[in-house]
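Q: Please take a close look at how one chain of this model is put together, going from its domains down to a helix pair and a sheet. I would like the geometric criteria to be stated along the way.

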Amino acid sequence: MERYAGLYSIVERYGGEPTALLQILRDAQEIEGWLPPATLTCLAQLLGVPRARVEGVAGFYSFLHLERAGRYRVLFSDNITDRMAGNIELLDHFCNRLWLERGKTSEDGLVLVDTTSCTGLCDQGPAILVNGWAIPRVTPERIDEIAVLIRSRIPVVNWPDGLFLIEDNIRCKDILLGSDLAPGAAIRATIAAGPLATLEAIQSSNLRGRGGAGYATGLKWQSCRNATGDLHYVVCNADEGEPGTFKDRVLLTRYADLVFEGMTVCAFVIGARKGFLYLRGEYRHLLGPLQEVLARRRADGLLGADICGQAGFGFDIEIHLGAGAYICGEESALIESLEGRRGIPRNRPPYPVTHGYLQQPTTVNNVETFCAAALIALRGGEWYGKIGTARSAGTKILSISGDCARPGIYEYPFGVTVRQVLQDCGAEHTQAVQISGPSGTCIDTTEFERCIAFEDLPTAGAFMVFDESRDLFEVARNFAHFFAHESCGFCTPCRVGTTLLCNVMDKIHRGMGSQHDLNQILRLNPVLQSSSHCGLGQTACNPLLDTIKRFRPAYERRLESLEFEPAFDLDGALERARTMTGREDAGAHLETDE
Amino acid sequence: MNAEADPPAFLLDGEEVPFEPGQTVIQAALAAGHYIPHLCYHPEFKPHGSCKVCTVEVNGRTAASCTMQAQAGMEVASKTEKLNKERQTLVQMLFVEGNHFCPSCEKSGSCLLQAVAYDLEMMSAELDHLFPNRPVDASHPDILLDFNRCILCELCVRASAEVDGKHVFALSGRGITKHLIVNAESRRLADTDIAATDKAMEVCPVGVILRKHVGFRVPIGARRFDQRPVSAQALEDAPRRPVIRREDST
């Protein structure tokens, strides 16, 4: 009965809407630290949906627990940059301090320790999440401090603020990070110019999406504006999950007004009355501050009814928190998640611009894209189009991490060379750079004159630097595990293929690999690439292929033999039997005549 | 409208395939007598395209033929060595993902996975087996669930929701841990409202959802795909395109 009352108030807070299921599950988990079977049953009854649907959704997201998970859930970010900073040693240290086994809730139900995908703190790693709250720069001393706090059963809200202090590390500013746009200025300019002229400015600016795919923003807005539907929606994709990317975190921390300004401009152009910001669960700490910004903008007449005094222009923004699923960065999976479902990418066409949120026309853009759109609305498309290269207009914000003296956020006009960036961030003895995360490209020293641009090295922002001391095989293996963990599991090639790739890489890592295993990777690649349902599976082999191509010795020196060798170890399998029978001779396993 | 006009058509492996607007490539192909290998597609349900075995090349780009809308003039390639090799790998992936021991399986001979594998001339699984731990659910008096053989086609999910109106089945988990669940807090089929007469009981292409007490009633050798290969039978199952005869139209 007590459970029912608690859940009832949560469901009521969200108007009893099944579309809010993910938010409801997040809140419900706060009660006991996990989602017991009875909780799922109760939620299904309250929402009037099948219980199996509730369990299906809860089981999809990493941060929702269907098994008892402990009062404290400590997740170590496991991007390659965290690895390089010693996260696994720290995790082991933590487990030793608290007598824990990784991945298993302690007997007393107090703690669960495990790893999680990149939490977007690569410039200040290794990082952890405790009950969803981010802690950067973890050291053995910090681990000891946290162990004491947990053992003393102090609630996370009462932990010292210093633990949660996250730095912006803005190192290089250009038009976007250097802008001092007054809240409302771009909206007023948009209202004054009218929706069509603003759309024309976005189109003439040649702005392309900053989330990775690089679709023309103006074309997207126009298609959405022209699509028929009862309601139109604006969605800001802040599910920044690509390992090594953290620029949206900084934009949402320091430039939230610019983001919301861009969304409001978009709403005016496409005729939307409602917008969503889909914030990745790892950025839980930004939820409060962002809601404060939204409240201030409402008070200032920049959101709500009759925005900036424009009669009839009403628009508001709701923040939707994710729960640990990289795939929700794919726009149609994001929309599924917004609707309270498992984050499975949809079959396309139809595209979100015509059939998006609740099958209504929806514009989904990246955080950085909305910022750029706000600047264009104010200063014009021509101004913006002149920045960058002929085919890549404007600037790009890079999230730089790994082996360099000054990791952080750098904004450059498109066309900047990799060499220039490496020099600026203080990278020395660089062996390789992973551009745009695991699904992007790994380049070596011969390619540092290449430039950041859609026509050469397109990127969503990640720029991970590896110096000569690093083992590129281990980099690729880390990425292979990332893809397997984040595959949504909808289609066969990605679901099974990413796990097979992991197993091959682990086998090579253990020194059990042979040429046959390298051939397996090359055989799986075309299947994943051509038949996967979405970009995750299509690009999952890239980090392996890139490193095999450029750093083949890193693989080959691990192989047992370059010739074919079976994985089965006959002597190993026979060892116990030999010990029992006392037979040490080579032919012991063969049948012999008495 | 010109009654004499030919129906729209596309080219499949060089042969003209007529279609009705709204049909997907596989629907039109099967109706016109052309087999495209498939597992999760079922003529009675809306295609969703998860197994990817029906992948074809459309104007040079790959797409699942069950979800790809047919369009006039498109050039589709299906019977190519490359595509059949990839299909074989996809089927092998499904074999190593679960625990499929054909010789001891009640569904052997009636199993679509097995039949498609034979049809694609798959000789062994080749890939390393994952050997997952998937306990069976024998709680129901009349129905056995053997999750070891599940290929996650979602046909039972779709049938239970769309035809039976019950939602007995759903999927939970993610990635390689994705799995079939039943609609009960106890996680036991016996505690759901499934009935032996449900559509969900009929659609499992492999040996997950089995009726108890009838095992091996039809001997191995006399079962469905023992008679003729799946490529022939799939065409008989497909809703046939009404034959349009020129002289009938006015």
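**Domains, a helix pair and a sheet in chain A**

A: Taken over C-alpha atoms, the centres of domain 2 of chain A and domain 3 of chain A are separated by 33 Å. This is a predicted model, in which local features need pLDDT of at least 70 and side-chain atom pairs count only at pLDDT 80 or more, while totals for chains, interfaces and linings use all residues. Residues are numbered from 1 along each chain as its sequence is written, and chains are lettered from A and ligands numbered from 1 in the order in which they are written.

The domain assignment of chain A gives domain 1 (2–58), domain 2 (72–165), domain 3 (183–385), domain 4 (395–470) and domain 5 (473–556), with bounds that come from an automatic or database domain assignment. Between domain 2 of chain A and domain 3 of chain A, 15 residues of the former are in contact with 14 residues of the latter, where contact requires that the C-beta atoms, placed from the backbone, lie within 7 Å. On the domain 2 side of chain A, the residues that touch domain 3 divide into seven nonpolar, seven polar and one charged (Ala, Val, Leu, Ile, Met, Phe, Trp, Tyr, Cys and Pro count as nonpolar, Asp, Glu, Lys and Arg as charged, and the others, Gly among them, as polar).

Helix H1 (residues 2–13) of chain A packs on helix H3 (residues 37–47) of chain A at an angle of about 50°, and their axes are 10 Å apart; helices (H or I, at least four residues) and strands (E, at least two) are DSSP runs, numbered from the N terminus. Axes are lines fitted to C-alpha atoms, for helices over the stretch in contact, and angles run from 0 to 180 degrees between N-to-C directions. H1(A) is therefore oblique to H3(A), since angles under 35 degrees count as roughly parallel, over 145 as roughly antiparallel, 65 to 115 as roughly perpendicular and the rest as oblique. Residues of H1(A) in the contact include Leu7(A) and Val11(A), and those of H3(A) include Cys42(A) and Leu46(A); by class, the contact has nine nonpolar, one polar and one charged residues.

An open sheet of six strands follows the order S5-S11-S10-S14-S12-S13 (chain A) with mixed pairing, two strands being paired if DSSP finds at least two bridges between them. Strand S5 (170–172) and strand S13 (441–444) of chain A are its edge strands, each pairing on one side only. Strand S10 (residues 395–402) of chain A pairs with strand S14 (residues 462–467) of chain A in the parallel sense over four bridges, and Ser401(A) stands opposite Met464(A) in S14(A).

How values were computed
Contact = placed C-beta atoms within 7 Å.
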